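Look at the structure below and work through the exercises. Try each task before you read its solution.

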Amino acid sequence: MALSAPAGQAQLVAGISPTARLHIVSGKGGTGKTTAAAALGLALASLGKKVLLIEVEGRQALAQLFDVPALPYAEQKLATAEHGGQLFGLAIDAEEAMIEYLEMFYNMKRAARGLKKIGAVDFATTLAPGLRDVLLTGKIKESVVRVGDNGRHVYDTVVLDAPPTGRIRQFLSATREVANLTNFGPINRQSEGVVEVLHGTMTQIHLVTLLEEMPVQETVDAVTELQEGGYNLGCVIVNRARPTLIGDNQVGAGGVDQDLLVQGLAKANLPGEFAAGLAAQMVDYAMRQRLQDETKQRLDEVRLPRVELPDLNPPVELGELKDLADRFLKTEA
Ligand SMILES: Nc1ncnc2c1ncn2[C@@H]1O[C@H](COP(=O)(O)OP(=O)(O)OP(=O)(O)O)[C@@H](O)[C@H]1O
Ligand SMILES: [Mg+2]
């Protein structure tokens, strides 16, 4: 049974499980997966947890966001947080994961390094794209279940900046396909462990969307598909949500009442000639607001908790990530 936190202490919002050991953040390309994953990682760290933030796309997006040199194939501290929390980052590379894998299960590190030199590892992962996903998810699982000398998990929780919705099913199920192919041996044992982590209750998948037609459609489809696949969905992260600024009667069919605007400007000691420009901006904003409201309704089909992140000035800076992280937290009165 979960005990409620003491008054005044922050807690995670609905849809983000405090006991999940792996949070997978996916969504349509460019909607803010990396930003949201980093913000979620920071939020979890601020509760005093030791968190590992993983990226798998080979783009060094985390290094860029946290303003540090390219991450090597080793965990690196990105930030410290309240209550002794820590955020580490790791960029998983399929080639390195393969070498580590060959060493771990077949004790053949030197041979593997040799294979890398002649380009064989790259060749193998290109030849069988599914193999790449097997290696990446294998390393993710290892990070989730790794236990230190004290017998406790090295990381309290892992956050994955995952591939986009278009590839997420394939990415997550690559290992299950392999497990179906082999009935015994280290590969099978390893893949069973991966399936257990990715499909089990210790993992939650969160989907990032913008309030635009295409991303919302992809989110609706992905939720259905992932739920059918038996995955555990957490929340929908609505990124770059714009506040409602225009009231119902402020922009009519004929546009904005400019006389009223001039009066309002005068009250604020501003020149009346601003009225025309302001009116055009209001009409534009009202239109976007209407579109946003419509797409938001479309998202109502998805019965998952939502977390809204505000629209900031892109690109999001490290200092602003903390504000986004706070959106994953609530404080009990
Ligand atoms: N809430 C926000 N307000 C303003 N800008 C944002 C916000 N969230 C993300 N951005 C900006 O949008 C761009 C894309 O964000 P991000 O890299 O997180 O998306 P992504 O889904 O990871 O993209 P990709 O599919 O390319 O990996 C970045 O420049 C980022 O700074
Ligand atoms: Mg990204």
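Three exercises follow, all on a predicted model.

**Exercise 1.** Work out how helix 1 and helix 12 are oriented to each other, and which residues make the contact.

*Solution.*
Step 1: Find the helices. Helix 1 covers residues 33–45, and helix 12 covers residues 318–326.
Step 2: Take the geometry. Their axes lie 8 Å apart, at an angle of about 75 degrees.
Step 3: Classify the angle. Values of 65 to 115 degrees count as roughly perpendicular, so helix 1 is roughly perpendicular to helix 12.
Step 4: List the contact. Helix 1 brings T35, A38, A39, L42 and A43, while helix 12 brings L321, K322, L324 and A325.
Step 5: Sort by class. This contact has seven nonpolar residues, one polar and one charged.

**Exercise 2.** Do the same for helix 9 and helix 11.

*Solution.*
Step 1: Helix 9 runs over residues 213–228 and helix 11 over residues 275–299.
Step 2: Their axes come within 10 Å and cross at roughly 5 degrees.
Step 3: Angles under 35 degrees count as roughly parallel. Helix 9 and helix 11 are therefore roughly parallel.
Step 4: E213, V216, Q217, T219 and V220 of helix 9 meet T295, R298 and L299 of helix 11.
Step 5: By class, that gives three nonpolar, three polar and two charged residues.

**Exercise 3.** Describe the largest pocket and its lining.

*Solution.*
Step 1: The volume of the largest pocket is about 650 Å³.
Step 2: Its lining has 26 residues, with G30, G32, K33, T34 and T35 nearest the centre.
Step 3: Helix 1, helix 2, strand 8 and helix 12 each supply at least two lining residues.
Step 4: The lining divides into 10 nonpolar, eight polar and eight charged residues.

Definitions and conventions
Residues are numbered from 1 along each chain as its sequence is written. Chains are lettered from A and ligands numbered from 1 in the order in which they are written. This is a predicted model: local features need pLDDT of at least 70, side-chain atom pairs count only at pLDDT 80 or more; totals for chains, interfaces and linings use all residues. Side-chain values use heavy atoms; hydrogens and water are left out. Axes are lines fitted to C-alpha atoms, for helices over the stretch in contact, and angles run from 0 to 180 degrees between N-to-C directions. Helices (H or I, at least four residues) and strands (E, at least two) are DSSP runs, numbered from the N terminus. Angles under 35 degrees count as roughly parallel, over 145 as roughly antiparallel, 65 to 115 as roughly perpendicular and the rest as oblique. Contact means heavy atoms within 4.5 Å. Ala, Val, Leu, Ile, Met, Phe, Trp, Tyr, Cys and Pro count as nonpolar, Asp, Glu, Lys and Arg as charged, and the others, Gly among them, as polar. On a 1 Å grid over the protein atoms alone, a cavity is a set of points where a 1.4 Å probe fits but cannot get out, and a pocket is an open set with protein on both sides within 12 Å along at least five of seven lines; lining residues have an atom within 4 Å of a point. Grid points are joined across faces, edges and corners, and a volume is the space filled by probe spheres set on the points.
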